[in-house]
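Here are my notes on the model you sent round. Please read them with the coordinates open.

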Amino acid sequence: MPSLEIDGRRVEMPVGSTILDACRKLGIDIPTMCHRVGYDHFTSCMICVVRDQARGRLLPACSASVQDGMVIDASGAEVRQSRRAALELLLSDHVGDCEAPCQRVSPLETNIPAVIREIAAGRIEEAAAILAKHGVTPEFANDDGDMKSQKVCRRGQIDGSVSICELERFVVKSAQNIFPADGATTDFPDSARFNSVLGRLTDEEKERFLAVASAAKAVSPAADSGYTKEEAMAEAARCLHCDCRKPDSCKLRQYATEYGAKQSRFKTSDRRLFEQVAQHVDVIFEQGKCISCGLCVRITKARGEELGLSFTGRGISTRISVPFGESMTKALVKTAHEVVEACPTGALAFKDGDTP
């Protein structure tokens, strides 16, 4: 069997094994996004690169075969720099927010979009649990603690911000038993995480966001006592859901944080427009977050989807789409869960998103 050295440690591997296989045998963590066990290599993201010391060149660990006598650097400065550059190239064409503006400016970094989704679905105690998890207290809510969030709500660019403060007061009043008496705070997110920022919307993008939100005008409480449940649900339905549905499981965000990648390094002045496809009952597809890793194409083909997903276009115009202009519903008849789980970004996600 071929014997090679990786980061000063020797390992023997069967013929045909990849460098990634060898690294994993040694417990060396190698970042991957286009690779998935059980599927053919595609080698597109290039963040798994390692350095062949003898030849002085970088190799994709996920597809490069082991050779006897290899000496591999899997974690040196040049390797990390190359991975960071690969991530920055992917981020230069990334369209979308990791966190919605309302969450980014919230004093408690409250996951406001998740709260609003629960309210819209009528799950008030679940919404209260999220607020309590982030340290929101009745006093904070009643004092308009998240007014900054309400002011930057992206719906405000269209026809008026979602009434975030009034919704929080409604939740606190409706589920008082959820909030700890001592106002204890728990589970604050890591504010040092990478954040992609979409910026101001064009008129066309406003219409695209409205396609998955209620087009109704703002709902004012019918009484001085605040929203009724029906009013709160109607107002919450106005949320544009401009946050990413996979803020925690997105590998692109995880690795961008780990490697200190900057979205601005290769970014051009003109970004492509935000897009979303929401015909599927459970899945939403945001083309601007796709890195063309091909995992969804390989999965739908291997699992025998009648239509599945495919690549269209060439070069920088390459994109994922449903053949013959059909809907995502017909493309993902039996593979929706695996495709969403495999997608390394927020491009393919469940509409309800990650568990908050």
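The points below cover the cores, two helices, the salt bridges, one unpaired acid and some backbone angles.

1. **Status of the model.** This is a predicted model. Please keep that in mind for every distance and angle below.

2. **The largest nonpolar core.** The largest nonpolar core has 40 residues. Within this core, I116, I119, I164, L167, V171 and F209 touch the most other members. Six helices each supply at least two of its residues: α4 (112-120), α5 (124-133), α6 (138-142), α8 (164-174), α9 (203-210) and α10 (229-236). Of these, α5 gives the most, with 6 residues. As background, nonpolar side chains tend to be buried together in soluble globular proteins.

3. **I116 as a way in.** Which residues does I116 contact, leaving aside its neighbours within four places in sequence? They are V162, I164, L167, A236 and C239. I164 and L167 are also on the list of residues that touch the most other core members. I would start from I116 when displaying this region.

4. **A second core.** Another core lies apart from the one above. This second core has 39 residues, including A261, I291, I320 and V339.

5. **Helix α8.** This helix is mostly covered, with 8 of its 11 residues buried. The buried ones are I164, C165, E166, L167, E168, F170, V171 and V172. Note that E166 and E168 are on that list. The cover over the buried residues includes α3 (101-105), α4, α5, α6, α7 (147-152) and α10.

6. **Helix α5.** Here I124, A127, A128, I130, L131 and A132 are buried. What covers them includes α4, α8 and α10. Just after α5, G135 takes a positive phi of about 90°.

7. **Salt bridges: D97 and R154.** The whole structure holds 26 salt bridges. One of them joins D97 to R154, with the closest N and O atoms 2.4 Å apart. D97 sits in the loop between α2 (77-92) and α3, and R154 in the loop between α7 and α8, so the pair ties together parts that are 57 residues apart in sequence. Are the two partners buried or exposed? D97 counts as buried because its relative accessible area is 1%. R154 is buried as well, at 4% relative accessibility.

8. **Salt bridges: E99 and R253.** The side chains of E99 and R253 meet in a salt bridge at 2.9 Å, N to O. E99 lies in the loop between α2 and α3, while R253 belongs to helix α11 (residues 251-258). The two are 154 residues apart, and the pair links distant parts of the chain. Both residues are buried. Salt bridges that share partners join E99, R193, D248 and R253 into one network. I suggest showing these four side chains together in a figure.

9. **Salt bridges: R55 and D52.** R55 forms a salt bridge with D52, the closest N and O atoms being 3.9 Å apart. The cut-off for a salt bridge is 4 Å. The partners differ in burial: D52 is buried at 2% relative accessibility, whereas R55 is partly exposed at 48%.

10. **E305, buried without a salt bridge.** E305 is placed in the loop between α12 (295-302) and β7 (310-312). E305 is buried yet has no salt bridge. How far away is the nearest side chain of opposite charge? That side chain is K334, 5.6 Å away. A salt bridge needs a nitrogen within 4 Å of a carboxyl oxygen, so K334 does not qualify. What E305 does have is a side-chain polar contact with the side chain of T335, at 2.7 Å. Not counting residues up to four places away in sequence, E305 touches T300, A331, L332, V333, K334 and T335.

11. **Positive phi outside glycine.** Two residues deserve a look here. T43 has a positive phi of about 55° although it is not a glycine. T43 lies in the loop between α1 (19-26) and β3 (49-52), and is partly exposed at 28% relative accessible area. F324 is also not a glycine, yet has a positive phi of about 65°. F324 lies in the loop between β8 (319-321) and α13 (328-331). F324 is exposed, with a relative accessible area of 78%.

Conventions: Residues are numbered from 1 along each chain as its sequence is written. This is a predicted model: local features need pLDDT of at least 70, side-chain atom pairs count only at pLDDT 80 or more; totals for chains, interfaces and linings use all residues. Side-chain values use heavy atoms; hydrogens and water are left out. A nonpolar core is a set of buried Ala, Val, Leu, Ile, Met, Phe, Trp, Tyr and Cys residues joined through side-chain atoms within 4.5 Å. Buried means under 20% relative accessible area, exposed over 50%, partly exposed in between (1.4 Å probe, protein chains only). Helices (H or I, at least four residues) and strands (E, at least two) are DSSP runs, numbered from the N terminus. Contact means heavy atoms within 4.5 Å. Lys and Arg count as positive and Asp and Glu as negative; His and the chain ends are not counted. A polar contact is a pair of N or O atoms within 3.5 Å; within protein, one must be able to donate a hydrogen and the other to accept it, and residues adjacent in sequence count only if both atoms are side-chain atoms.
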